[in-house]
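Please read these numbered points with the sequence and the model open beside you. They are written for someone who is looking at a structure of this kind early in their studies.

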Amino acid sequence: PTGSGKTEIARRLAKLVNAPFVKTEATRFTETGIVGSNTQEMVEDLMEAAIQLETDAARERVRGVAQAKATEIIVDALLKEQ
């Protein structure tokens, strides 16, 4: 039923397993499958979500190293001034 939290549950489960999540209108589907020319759009949305998920994960993986390197450069520059 509407408002029961199905989308939120799916969104949180996707986040737990690091999977992309895209919400789409259920009216695009019938018993026989996807209808209309919006199939490509839905796949593109899913791909964009997956790319963003990987970009964010990559950024987090290098954040600590980047901060340490930036600190090292700043300290070196300050020590050279003295």
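1. Helices and strands are here DSSP runs, numbered from the N terminus, a helix having at least four residues and a strand at least two. With that in mind, one can place L13 in helix α1, and it should be kept in view throughout that this is a predicted model.

2. On the overall layout, the chain contains two helices and two strands, and a reader who follows the sequence from its start meets them in the pattern α-β-β-α. Helix α1 covers residues 6-16, strand β1 covers 29-30, and helix α2 covers residues 39-81.

3. On burial and surface, buried residues account for 4% of the 82 residues in the chain. The accessible surface of the chain is about 7200 Å², and carbon and sulfur atoms hold 59% of that surface.

4. What do I9, L13, L16 and V17 form on the surface? They make up a nonpolar patch there, and together they have about 450 Å² of accessible area. L13, which lies in helix α1, counts as exposed because its relative accessibility is 51% and the cut-off for exposed is over 50%.

5. How many salt bridges does the count come to? The total is five, and I discuss some of them in the next points. In helix α1, the side chains of R11 and E8 meet in a salt bridge, with 3.6 Å from N to O, which falls within the 4 Å that the rule allows. The two residues are three apart in the sequence of this helix, which is about one turn.

6. E8 also meets R12 through their side chains in a salt bridge, here with an N to O distance of 2.8 Å. E8 and R12 are separated by about one helical turn because they are four residues apart in helix α1. Taken together, E8, R11 and R12 are linked in a network of salt bridges, and a student may find it useful to locate these three side chains in the model.

7. Are the residues of this network buried or exposed, or do they fall in between? R11 has a relative accessibility of 38% and therefore counts as partly exposed, and E8, at 34%, is likewise partly exposed. R12 is exposed, with a relative accessible area of 57%.

8. Helix α2 offers a further case, since the side chains of E72 and K69 meet in a salt bridge with 3.7 Å from N to O. Both residues lie in α2, three residues apart, or about one turn of the helix. E72 counts as partly exposed at 40% relative accessibility, and K69 is partly exposed as well, with a relative accessible area of 45%.

9. N18 deserves a careful look, because with 60% relative accessibility it counts as exposed. Its place is in the loop between α1 and β1, and it has a positive phi of about 55° although it is not a glycine. N18 and E54 are 36 residues apart in sequence, while their C-alpha atoms are 9.0 Å apart in space.

10. Which residues line the largest pocket? The lining consists of R11, A14, K15, A19, P20, F21, A49, Q52, L53 and D56, and the elements that give two or more residues to it are α1 and α2. Helix α2 gives the most, with four residues. R11 thus appears in this lining as well as in the salt-bridge network with E8 and R12.

11. As for the space and character of this pocket, about 190 Å³ lies in it. Sorted by class, its lining has six nonpolar residues, one polar residue and three charged residues, and a reader can check this sorting against the names listed in the previous point.

Notes. Residues are numbered from 1 along each chain as its sequence is written. This is a predicted model: local features need pLDDT of at least 70, side-chain atom pairs count only at pLDDT 80 or more; totals for chains, interfaces and linings use all residues. Side-chain values use heavy atoms; hydrogens and water are left out. Buried means under 20% relative accessible area, exposed over 50%, partly exposed in between (1.4 Å probe, protein chains only). Accessible areas come from the Shrake-Rupley method with a 1.4 Å probe; for residues, only the protein chains shown count as cover. Patches are made of residues with over 30% relative accessible area and no salt bridge: like charges are joined within 9 Å, nonpolar side chains (Val, Leu, Ile, Met, Phe, Trp, Tyr) within 5 Å. On a 1 Å grid over the protein atoms alone, a cavity is a set of points where a 1.4 Å probe fits but cannot get out, and a pocket is an open set with protein on both sides within 12 Å along at least five of seven lines; lining residues have an atom within 4 Å of a point. Grid points are joined across faces, edges and corners, and a volume is the space filled by probe spheres set on the points. Ala, Val, Leu, Ile, Met, Phe, Trp, Tyr, Cys and Pro count as nonpolar, Asp, Glu, Lys and Arg as charged, and the others, Gly among them, as polar.
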